[in-house]
Amino acid sequence: MEDPLVQLTGATVYFGADAALDGVDFRLFPGEVHSLIGENGAGKSTLIKALTGALPLSAGRIELDGRQVRFSSPREAQLAGIRAVYQEIDLLPNLSVAENIALGSESHRWGVIDWARMRDRAREVLRDLGLDIDPASLLGQHSVAVQQLIAIARAISTDVRVLVLDEPTSSLDQGECAELFRVIRDLRERGVAVVFISHFLDQVYEVCDRVTVLRDGKLVGEYLTRELLRIDLVQAMLGRSVEDLRTRSRLRVAEEGAEPFLCARSVSVGTGIREADVDLVEGEVLGVAGLLGSGRTELARAITGIDRLDAGIIRIQGGTDAIDGPRSAISLGVVYSSENRRTEGIIGDLSVAENITLAVQAERGIVRRIAPARQRELALSWMEALDIRPRDPDRPAGTLSGGNQQKVLLARLLALAPRLIVLDEPTRGIDVGAKVEVQNLVSELADNGLSVMFISAELEEVLRVGTRVAIVQGGRIVDTVSCDELTPAELTALVAQPGEPT
Amino acid sequence: MTRWMRHRLFLPVVSLVALILVNAIARPRFVQITVRDGELYGALIDILRNSAPLMLVALGMTVVIATRGIDLSVGAVMAVSGAVALTIIDGSSDPGNVGTVLVAIVVSVLVALVLGAWNGFLVAVLEIQPIIATLVLMLAGRGVALLITDGFITTVTSPPLKYVASGHLLGLPFALFISVAAIALIALMERRTALGVLTEAVGINPEASRLTGVRSRGIILGAYVVSGTFAGVAGVIYSSNIMAADANAAGELIELYAILAVVLGGTSLTGGKFSIAGTVIGVLIIQTLQSTILFLGVSSAESPVFFAFVVILVVLIQSPRVYQVARRMTGGRRHHPAPEVTTGVEVTS
Ligand SMILES: Nc1ncnc2c1ncn2[C@@H]1O[C@H](COP(=O)(O)OP(=O)(O)OP(=O)(O)O)[C@@H](O)[C@H]1O
Ligand SMILES: [Mg+2]
């Protein structure tokens, strides 16, 4: 076998006294797609940040082409042909799509940035990813999924030797994933080494040649994908038997014909969602399925008072109280968990305890402060319940791994004891174990009378947790079907929009 | 590194102590405190007394900055409140009456509160960028002050007013009590209620806070009200000090010194986490520095340069980046328990 393109030996990264990465060896060959696998907080993102110069190594060495290198910034790594798309998208919302893609590698002509060429180049890479958007549009106005694709477009718009993708598919739907995989295979043909981090094992098996498994910052092993059984992979990841991961079945099914808890009629917000009718009974889990940009998130935001309605009414328990902004929604027991964890969820510099108790505190008001001791106690009980790791309520929430941040958000909303919780991609970026835990939690909550609206790009998941599923297309709810009657394949077909470009 | 060295107030405190030490060595009289008629006098006491206006303004600025804002209008608000107070006292039949002075102070501070609310309205409700919103009042405020005083520098003779800045209580300057009261009030408001953490949440991530049900508007508006009100009190102290309402000189450039004090105290201009104790130390650093300049007899032409130089020094001392570089250059150890394997410093790439 040829020599590795990149080799990490004994890579160690400390945050304070804890090792996030502890003596890990990792190698990457040209022309391979290599997956990094591990639970939330296993150290995957840390490893690739160390590799690309975004974090300094406390110990260990990096070799590129057999020569030791040291990158003190991602920029230096880029110059050596290593590009990364980090888990938390690092694009600039105020710039145009083309500018974002060209950032750091602007084309110059006679010392002046060549805008026309930049836009053409941007359009080209975007089209390569199957994305047809105006390169001159502002980045901020696109959905997370599109932004994710744009970040990838930026990484592949220059000549790369190593491409690192940290959970690139977390908000993509099947069609987009397929496009991305086509591009990845293309790059592999051209000898590029690709690191692919994902919690979707299907995808790992689909595109990856080799996997490296991490657990608690340590190396578990390196395997060839085709020689590794999925069950063994999960076992290596979790360090415990897969038996523990059993999905819980619902005990109670919501009664038919009961008075709905939430009743929305002709809800419209701009062109995002039009004339949507939703009924949600107590204890019901309503799945929402739709393609990217179909209006899933718009529906969620309209119902929870985040966006002002242009038309329509929402009635809670047949009452007449209007939902007017997130505060009044919360006071009526309706809460929303955004798909956009970093910009609309986590308050990075505040501690985990403050993050978890923030919503309760906001509801209690300024004067009735939750004492710090009580705050920690409350936070710890939720951290226990949702298994948030590390179990340290005083650490800034922004330093948790992506999956654990997601759980902190869930804890924040559940601490409000809501009546209806609207979850927009709640399992995005969560590892297999935690995903099952969240799904089980949802059905447990529903058994206890909570209504849930569950949005996910993963259709199997929607079917698994949902009682009924609302199918959204082009801003309209086109159908609502009982989940028992559907297979994932059928749902996929229903969701796809016939005739119109997707 | 021990724990207290990593405390975020460590470097500001070190800077302040160092500044005082340098002064004490250069002129031992600096740390001397004498007692005359049961009242304390000395350079240090003067610093505490003279820092009162900046202290008030900087405390308000801290809260505003925590919400991701900035208040450029504080100096102009000081001018307005001074003008209002002096005009009332000047116009009354008995300028030496305690009641008159109290009324004048209350009215002028209320006017400042309204001005703060105006800023808050522009920022929180109309969502105008703070720098622009407060610039309006910064530019217009002094004009308003001039209108109030009819274009003159109003002077008064009023012992109760003079007492505010120059009087003593229990042997200490009365102005110091105002500072301490303001610090205590802010600390209680922010840290004994949930206001502090909610303010930080709004400053760190406004959209996430809104979705969580935090009343961001109210919190932002409140911050500007506090800033305006405190600037109003500062304006009264200032005019009590010179016993005049000088629309142009009152609080001149104080917005910049206040911002500097906040930053020296370790609060980031990008909003979010803030430190009241840090701001207090920042103010004391600035005031000590000004007293140093006076004492060293630095000519008034050179003093801004000197001031800037020391500020740069203090900021550099507090910069984590400088810290890292210095540690690398001196080969200092890192504070984690990792075995010091070759970290590749000697490597050529
Ligand atoms: N800036 C930081 N400060 C302190 N600890 C950190 C910081 N960044 C990461 N960590 C810790 O390092 C560990 C590894 O985190 P990392 O982000 O690499 O996990 P991950 O494997 O990418 O997880 P996920 O699948 O959730 O993204 C976690 O325990 C995390 O809390
Ligand atoms: Mg990660």
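In this predicted model, B:I128 sits in the loop between α6 and α7 of chain B. With a relative accessible area of 31%, B:I128 counts as partly exposed, because that value lies between the 20% limit for buried and the 50% limit for exposed residues. The 31% figure also clears the cut-off of over 30% that a residue needs to join a patch.

And B:I128 does belong to one: a nonpolar patch on the surface, made up of B:W118, B:F121, B:V125, B:L126, B:I128, B:I131, B:I132, B:L135, B:V136 and B:L139. Taken together, these side chains' residues offer about 850 Å² of accessible area. Two elements of chain B, α6 (98-125) and α7 (130-148), each give two or more residues to the patch. The largest share, five residues, is down to α7(B).

Elsewhere in chain B, helix α2 takes in residues 10-26. Its 17 residues, at 1.5 Å apiece, should span 24 Å, and the end C-alpha atoms are indeed 24 Å apart, so the expected and modelled lengths agree. Some of this helix is tucked away: the buried residues of α2(B) are B:F10, B:P12, B:S15, B:L16, B:L19, B:N23 and B:A24.

As for the cysteines, a search of the whole structure turns up zero disulfides over all chains. A:C208, for one, is in no disulfide, and the nearest cysteine sulfur, belonging to A:C177, is 12 Å away. That is no match for the disulfide cut-off, because the two sulfur atoms would have to lie within 2.5 Å. A:C208 is buried, with a relative accessible area of 6%. A:C263 is buried too, at 15%.

Terms used:
Residues are numbered from 1 along each chain as its sequence is written. Chains are lettered from A and ligands numbered from 1 in the order in which they are written. This is a predicted model: local features need pLDDT of at least 70, side-chain atom pairs count only at pLDDT 80 or more; totals for chains, interfaces and linings use all residues. Side-chain values use heavy atoms; hydrogens and water are left out. Patches are made of residues with over 30% relative accessible area and no salt bridge: like charges are joined within 9 Å, nonpolar side chains (Val, Leu, Ile, Met, Phe, Trp, Tyr) within 5 Å. Accessible areas come from the Shrake-Rupley method with a 1.4 Å probe; for residues, only the protein chains shown count as cover. A salt bridge is a side-chain nitrogen of Lys or Arg within 4 Å of a carboxyl oxygen of Asp or Glu. Helices (H or I, at least four residues) and strands (E, at least two) are DSSP runs, numbered from the N terminus. Buried means under 20% relative accessible area, exposed over 50%, partly exposed in between (1.4 Å probe, protein chains only). The expected span of a helix is 1.5 Å times one less than its number of residues.
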